[in-house]
Amino acid sequence: MDTLILVGSMVTLWSEIPMDILRSVFERLSFVDLHRAKIVCSHWYSCSKQSFLRKTRSPLVILFSDDGDCTLYNPEEARVYKSKRDLSRYRFLANSGNWFLVLDPRSNLYIIDLFSEKKIDLPPLDSFKGYKYNLKKVGARKFKELVSEYPTSFHHHAKDLRGLLWVDEKKEEYVVVWYFRNKYTMDSLAFCKNGEDHYREMPTHYGLHDISDMVLQRGDHIYLSTSCKYLQKLDLSRQEGIRTKNDDIISRYHLPCRPTNYKLVYDAKCWCSYNIAVTSSGEVLFVLSIFSQSTRRRIFFLYKEDPNPSPSEVIYKNLVEVDSLGDEALLLDLGITVPADSDLGIEPNSIYFTRHDRVANQKRSSPDICVFNIVTKTLKRFPGLSSLKDARWFLPS
């Protein structure tokens with residue numbers, strides 16, 4: 001039931017507040033409060049689209065504490081927002097804009113809008129239809145992988161599930177990708193698109209099952225790298241059961257050594273990690289992060305495939321260092337670059353980072369919420385964000 005309110009000397013309904021009054025209110029709201037106001041009714045939503053709103057689209061951070069609480073941090077406002085939804089029972093796997101891919105305690109997958117009550121139910125995990133494998137649910141959190149070619153099976157646990165998400169709100173389209181990360185990992189990825197009632201198989205190349213990082217670009221392609229130094233691009237636009245010529249290895253590459261041209265104290269507790277990212281133009285970047293546990297110093301280096309390789313680079317491709325992203329910024333949690341805009345709080349030539357191993361999930365990794373400037377080699381951390389189980393940068397739509 002709509003609520004009666006007093007506007008001036010008139011009694012009216014929430015949904016009938018004059019447009020000019022709503023605009024004056026909306027222009028004073030914070031980003032998160034504005035999103036909450038937009039979902040009150042269709043009239044408020046329409047008004048929000050027509051209002052001249054304060055320019056702010058800074059990347060936000062969703063924070064997961066050890067006690068299960070979920071909060072939202074806006075660096076531009078230096079403010080933490082408490083979620084009005086109970087999200088403690090969900091495990092967050094991936095995000096795209098305001099939309100997050102989550103897993104509930106009974107291993108059901110959903111896509112939820114962080115700023116509203118919208119939720120999209122996804123097919124059950126055991127609806128996976130593969131050429132070599134099938135899944136059978138054997139408990140709330142356990143699955144049996146049945147291998148068709150061999151009289152054997154493997155068991156998976158929901159805690160080992162990894163995922164990727166892409167959402168286009170305007171077109172109302174989405175792509176969901178997942179696979180189990182453990183020593184019995186399938187060398188296939190499962191994915192589905194909007195309107196589908198099951199997950200399809202996307203086989204990876206033989207020998208690429210030891211995935212170290214994955215990136216989903218615009219819902220069309222998956223880029224994956226492995227600990228065996230392979231890089232592969234998978235085409236998600238193909239018809240079910242049909243491979244395309246794009247399903248091939250891009251290269252086998254030389255990982256760069258620790259740079260010697262930068263003064264960083266190396267010790268026994270200093271270690272390197274590698275990620276991949278894809279620019280808006282489709283160029284693949286290799287991201288080297290070096291972190292010293294004793295000094296808490298962290299530095300990043302970017303590399304790309306040598307555009308002028310020598311004839312000897314037949315098996316392994318050499319990488320060259322990238323010293324600038326131009327007018328873009330890298331959201332490493334998503335593995336993609338976005339247009340930078342200082343007015344909107346997106347710093348150019350910067351890397352937004354929380355953790356490097358969402359796929360591998362090594363135990364030594366813990367959230368390190370920071371922004372690294374590639375040109376100045378300076379790091380900005382955000383104080384006061386402690387006791388975190390996990391965190392993710394995301395760019396709200």
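# Contacts and sheets in a predicted model

The side chains of E196 and R200 form a salt bridge, with 2.8 Å from N to O. The structure is a predicted model, and every value below is computed from it. Of the two partners, R200 is buried, with a relative accessible area of 8%. E196 counts as partly exposed, at 24% relative accessibility. The cut-off explains the two labels: a residue is called buried because its relative accessible area is under 20%, exposed if that area is over 50%, and partly exposed in between.

## Salt bridges

How many salt bridges does a search of the whole structure find? The search gives 9. Besides the bridge between E196 and R200, there is one between the side chains of K159 and D160, at 3.4 Å from N to O. D160 has a relative accessibility of 13% and counts as buried.

Another salt bridge joins the side chains of K304 and E283, at 3.7 Å from N to O. This pair links distant parts of the chain, with the two positions 21 residues apart in numbering: K304 belongs to strand 23 (residues 298-305), and E283 lies in the loop between strand 21 and strand 22. K304 is partly exposed, with a relative accessible area of 24%. E283 also counts as partly exposed, at 35% relative accessibility.

The three pairs described so far are listed here.

| Salt bridge | N to O distance |
|---|---|
| E196 and R200 | 2.8 Å |
| K159 and D160 | 3.4 Å |
| K304 and E283 | 3.7 Å |

Salt bridges also link R296, R298, D368 and R381 in a network.

## A four-stranded sheet

One open sheet has 4 strands in the order 13-14-15-16, and its pairing is antiparallel. Which strands stand at the edges of this sheet? They are strand 13 (161-168) and strand 16 (200-203); each has a single partner strand, so one side of each is left without a neighbour in the sheet. On average, neighbouring strands of the sheet are turned by 25° against each other, with direction ignored.

Strand 15 (residues 188-193) and strand 16 run antiparallel and are joined by 4 bridges. In one of these contacts, S188 has P203 of strand 16 as its bridge partner. R200, the buried partner in the salt bridge with E196, falls within the residue range of strand 16 (200-203).

## Aromatic contacts

The count of aromatic pairs comes to 14. One of them is formed by W271 and F291, which meet edge-to-face: the centres are 6.0 Å apart and the planes make an angle of 70°. The two residues lie 20 residues apart in distant parts of the chain, with W271 in strand 21 (residues 270-278) and F291 in strand 22 (residues 284-292). W271 counts as buried at 10% relative accessibility, and F291 counts as buried at 8%.

A further edge-to-face pair consists of F382 and W393, with 5.8 Å from centre to centre and 65° between the planes. This pair, too, links distant parts of the chain: F382 sits in the loop between strand 30 (378-381) and strand 31 (388-394), while W393 is in strand 31, 11 residues apart. Are these two residues buried or exposed? F382 is buried, with a relative accessible area of 10%, and W393 counts as buried at 1%.

F128, F143, W178, F180 and Y199 make up one aromatic cluster. A charged side chain also meets a ring: K119 lies over the face of Y110, at 4.3 Å from the ring centre.

## The largest nonpolar core

In soluble globular proteins, nonpolar side chains tend to be buried together. In this model the largest nonpolar core has 30 residues, and F286, L302, L330 and I351 touch the most other members. Strand 21, strand 22, strand 23, strand 25 (319-322), strand 28 (350-353) and strand 29 (370-373) each supply at least two residues of the core. Which strand gives the most to this core? Strand 22 does, with 6 residues.

## A buried cysteine

C47 is located in helix 3 (residues 42-50). C47 is buried, with a relative accessible area of 0%. The C-alpha atoms of C47 and F26 are separated by 8.7 Å, and the two residues are 21 residues apart along the chain.

Conventions: Residues numbered from 1 in each chain as written. Predicted model: local features only at pLDDT ≥ 70, side-chain atom pairs only at ≥ 80, totals over all residues. Heavy atoms only, no water. Pairing = 2+ DSSP bridges. Axes fitted to C-alpha atoms, helices over the stretch in contact; angles between N-to-C directions. Phe/Tyr/Trp six-rings, centres within 6.5 Å; stacked < 30°, edge-to-face > 60°. Buried < 20%, exposed > 50% of the residue type's maximum accessible area, 1.4 Å probe, protein only. Lys NZ or Arg CZ within 6 Å of the ring centre and 35° of its normal. Salt bridge = Lys/Arg side-chain N within 4 Å of Asp/Glu carboxyl O. Core = buried A, V, L, I, M, F, W, Y, C linked by side-chain atoms within 4.5 Å.
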